[in-house]
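Please work through the exercises below with the sequence and the 3D structure at hand. Each task is followed by a solution in steps.

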Amino acid sequence: MKTIGMIGGMSWESTLSYYQAINQGVKSTLGGLHSAKICLYSVDFAEIEILQHQGLWDDTAIHLSNAAKAVEAGGADFLLICTNTMHKVADDIQAQISIPILHIADATAEALLADGIGKVGLLGTRFTMDQDFYKQRITDNYPIEVIVPSPDDQILIHNVIYQELCLGKINLQSRQCYLSIIDKLFAQGAEAVILGCTEIALLVQQQHTNVPLYDTTQIHAHSAVMLALAK
């Protein structure tokens, strides 16, 4: 079994979901008392969040590159950045380490492709929805069109993530707002919706809508298990 490297803490609420999903995946595959071999570096998200909102992405890359080096030194065979947004600096981090990064957008696109999805909506932080580092990676490398909510809806989604979900707060009114936005994307032709922030699945699950949802936390974790157990 390969050792899975993880940079977590962004937020720790979703890192908990990663840890659980990865260990459950290994147990269900191997049985018995098997669990995953993991090297986890958990950052202080307050430090990262300040840099994000100041637009100091080069500084975030330094923070996470140092974390990645520590994970590599700890014996990890490959790396998960346990957040969608910070894949904005994935290439900068990759340049500082020799182990490969298992990119969350690639794992998600491959799951969409396997299910024949050709047009998908994307929910996430404002950075993920508005900037090209995530959606462009999908459209450049896969035959999938990505659409995003309106600017006003993006602000609502972003604020709920940082002001509620990252703090472990589940607000039923916020869930209804998210479901309304999902319905709008479906009306625009989206065949499914990517939950492109690792906290969103804490609020919205498949049981809440008929629109197919792709939970990036679960997809990323499953891809990690498959890679860790590959011969």
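**Exercise 1: A charged pair with D153**

D153 is buried, its relative accessible area being 11%; buried stands for under 20%, exposed for over 50%, and partly exposed for values in between (1.4 Å probe, protein chains only). The model is predicted, so local features need pLDDT of at least 70 and side-chain atom pairs count only at pLDDT 80 or more, while totals for chains, interfaces and linings use all residues. Residues are numbered from 1 along each chain as its sequence is written, and side-chain values use heavy atoms, with hydrogens and water left out.

Task: Determine with which residue D153 forms a salt bridge.

Solution.
1. A salt bridge requires a side-chain nitrogen of Lys or Arg within 4 Å of a carboxyl oxygen of Asp or Glu.
2. K184 is the partner of D153, with the closest N and O atoms 3.0 Å apart.
3. D153 belongs to helix 8 (residues 151–163) and K184 to helix 9 (residues 172–187), so the pair ties together parts 31 residues apart in sequence. Helices are DSSP runs (H or I, at least four residues), as are strands (E, at least two), numbered from the N terminus.
4. K184 is partly exposed, at a relative accessible area of 39%.

**Exercise 2: The pair of R137**

Task: State how many salt bridges the rule gives, and describe the one formed by R137.

Solution.
1. The count is 2 salt bridges.
2. R137 pairs with D106, the closest N and O atoms lying 2.8 Å apart.
3. This pair links distant parts of the chain, R137 being in helix 7 and D106 in helix 5.
4. R137 is partly exposed at 26% relative accessible area, whereas D106 is buried at 17%.
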